[in-house]
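Here is a short set of exercises to work through with the model open beside you. Try each task before you read its solution.

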Amino acid sequence: MSIFSISFLFLSQSKSSFFSIIEEFLNIQTLLKSCNIFSLLLWFLLITSILTFYLKKCSKNIYLVDFACYKPLPKTTCSKDLFIEKSKCGGHFKDESIDFQRKIMSRSGFGDKTYVPESLLIIPPNICLMEARKETEAVIFGAIDELLLKTKMKVEDIDILITNCCIFNPSPSLSAMVVNHYKLKDRILCYNLSGMGCSAGLIAIDLAKQLLQVHPNSYALVVSTENINSGWYLGNNRSMLVSNCLFRVGGAAILLSNISSDSHRSKYHLKHTVRTHKGSQDSCYNSILQREDETNNITGISLSKELMGAAGFALKANIITLGKSVLPLLEQLKYALSFVAKKCFNKNMKVYTPDFKLCFEHFCIHTGGKAVQDEIQKVLGLSDWQIEPSRMTLYRYGNTSSSSVWYVLAYCEAKGRIRKGDRVWQIAFGSGFKCNTAVWRALRNVDPVKEINPWNDEVHDFPCDVSI
């Protein structure tokens, strides 16, 4: 069905008064008699403008009421030296594997206060379903409890629930776990996303947005986490050992609303979500792969050498799509002209990279690793101040997978950086390979003194020197 057919179908179901106005504009006989191309163009632009205005008026605004990030207990803190010590004592790793992990940790961008599950701090580590479930329950319930406290929400008011975790997928699902624990209502819409990697948190936001567009006067709860216990690798394949070094305990709970009255108490308005999937290319698809190793048939997450290339490829496609909605016209023109010049005149010419600093005040970049952060800073031309929230989050909390962009935003809030009208760009990468982004506009100043925030008691210690 063409766009014009859809438009007519939509209008036919609208109020009769509105339809009569459009019918008057669409006097086809009059237009055809005049045979004036300029007049036809004017009529077309007028009709398109009216349709666009009407559709936008009918679409629902999505508000982020508030969010909460889980802060693990101090007893689960794991310094880099303790991590290597536990790896040695476990008896699973060869000496060369220990040296390799030590090398990775020294370049990770981590500090000495990241968190691992208690089950991995004992000798030998206790890798089992019971411990994995215990870890996830602590994270999910801890984040949701804090969110309910911040928003003063009643659990019976939640209409939509979306959980996401890549590795740990028990039965009943994580969404069922939440329903059971909080005794949510029977008719709640539940979704559980699995196997979608570190970008699944923003995929969950996009899904919630689409559901809220068709379910009026509703609240959606999104919970993002990863399970370290079930993803722990006990073999000696180097490509799989990297994930042990990078992933740490963390989780976030986010409350979204499409109720117009919530605009007064909400923090952010969701402006855009863009999802980019490059799974059709084998190199991208295989860049992050859960599989068994070659020697001991031990399951782990393999990170290939093509990972950085896949990330760059996906990021480029994502920002091209997003740029059409957020970039100033001049920046779009510069990009288009340089692209045409490269195609037609000089294949060695570099395509102009638009200045996204003109569109956003804050950049919340997934804490995948120091190399990823360095590359994004270079590509987008970000200052040290703009990349600081992501670097400090990697240093303090490590890679918490799909929830990491929320720890980054929490840092911005704790520093008192968020002012009314500010635009926030969240960027996340994940297996598949995917790059997903979300754009928010701050609806009010965020006062760090009044906030419950995982950074509150130590934000004065940051930024700190993370150079190697």
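**Exercise 1.** Is leucine 45 buried, partly exposed or exposed?

*Solution.* Keep in mind that this is a predicted model. Start by locating the residue: leucine 45 sits in helix H4, which covers residues 37-58. Next, take its relative accessibility, which is 45%. Buried means under 20% and exposed means over 50%, with partly exposed in between. Leucine 45 therefore counts as partly exposed. Finally, look at its surroundings: Leu41, Leu42, Phe44 and Leu45 make up a nonpolar surface patch, and together they have about 370 Å² of accessible area.

**Exercise 2.** Describe the largest pocket by its volume, its lining and the elements that supply it.

*Solution.* Begin with the volume, which is about 1,200 Å³. Then turn to the lining: 45 residues contribute, and Val242, Ser243, Leu246, Leu303 and Leu307 lie nearest the centre of this pocket. Now sort the lining by class, which gives 21 nonpolar, 18 polar and six charged residues. Last, trace the elements. Those supplying at least two lining residues each include helix H6 (95-106), helix H11 (238-246), strand E10 (299-303) and helix H13 (307-326). H11 gives the largest share, six residues.

**Exercise 3.** Do the same for the second largest pocket.

*Solution.* The second largest pocket has a volume of about 610 Å³. Its lining is made of 24 residues, and Lys316, Ile319, Thr353, Pro354 and Val379 are the closest to its centre. Two or more lining residues come from each of H13, helix H14 (329-344) and H15. Here H13 provides the largest share, with nine residues. By class, the lining of the second largest pocket holds 15 nonpolar, four polar and five charged residues.

**Exercise 4.** Which parts of the chain does the salt bridge between glutamate 458 and lysine 71 link?

*Solution.* First check the contact: the closest N and O atoms of glutamate 458 and lysine 71 are 2.7 Å apart, and a salt bridge needs the nitrogen within 4 Å of the carboxyl oxygen. Then place the partners. Glutamate 458 is in the segment after strand E13 (434-442), while lysine 71 is in the loop between strand E1 (63-69) and strand E2 (77-78). The pair, 387 residues apart, thus links distant parts of the chain. For burial, glutamate 458 is at 7% relative accessibility and so counts as buried, whereas lysine 71, at 26%, counts as partly exposed.

**Exercise 5.** Set two further salt bridges side by side, one within a helix and one between elements.

*Solution.* Take arginine 102 and aspartate 99 to begin with: their side chains meet in a salt bridge at 3.0 Å, N to O. Both residues lie in helix H6, three residues apart, about one turn of the helix. Arginine 102 is partly exposed at 35% relative accessibility, and aspartate 99 is partly exposed at 44%.

Now move to aspartate 206 and arginine 275, whose closest N and O atoms are 3.2 Å apart in a salt bridge. This pair joins helix H9 (residues 200-214), home of aspartate 206, to strand E8 (residues 268-277), home of arginine 275, across 69 residues. Aspartate 206 is buried, with a relative accessible area of 7%, whereas arginine 275 is partly exposed at 44%.

To finish, step back to the whole model: the structure holds 22 salt bridges. Asp66, Lys150, Lys267, Glu413 and Glu451 are linked in a salt-bridge network.

Definitions and conventions. Residues are numbered from 1 along each chain as its sequence is written. This is a predicted model: local features need pLDDT of at least 70, side-chain atom pairs count only at pLDDT 80 or more; totals for chains, interfaces and linings use all residues. Side-chain values use heavy atoms; hydrogens and water are left out. On a 1 Å grid over the protein atoms alone, a cavity is a set of points where a 1.4 Å probe fits but cannot get out, and a pocket is an open set with protein on both sides within 12 Å along at least five of seven lines; lining residues have an atom within 4 Å of a point. Grid points are joined across faces, edges and corners, and a volume is the space filled by probe spheres set on the points. Helices (H or I, at least four residues) and strands (E, at least two) are DSSP runs, numbered from the N terminus. Ala, Val, Leu, Ile, Met, Phe, Trp, Tyr, Cys and Pro count as nonpolar, Asp, Glu, Lys and Arg as charged, and the others, Gly among them, as polar. Patches are made of residues with over 30% relative accessible area and no salt bridge: like charges are joined within 9 Å, nonpolar side chains (Val, Leu, Ile, Met, Phe, Trp, Tyr) within 5 Å. Accessible areas come from the Shrake-Rupley method with a 1.4 Å probe; for residues, only the protein chains shown count as cover. Buried means under 20% relative accessible area, exposed over 50%, partly exposed in between (1.4 Å probe, protein chains only).
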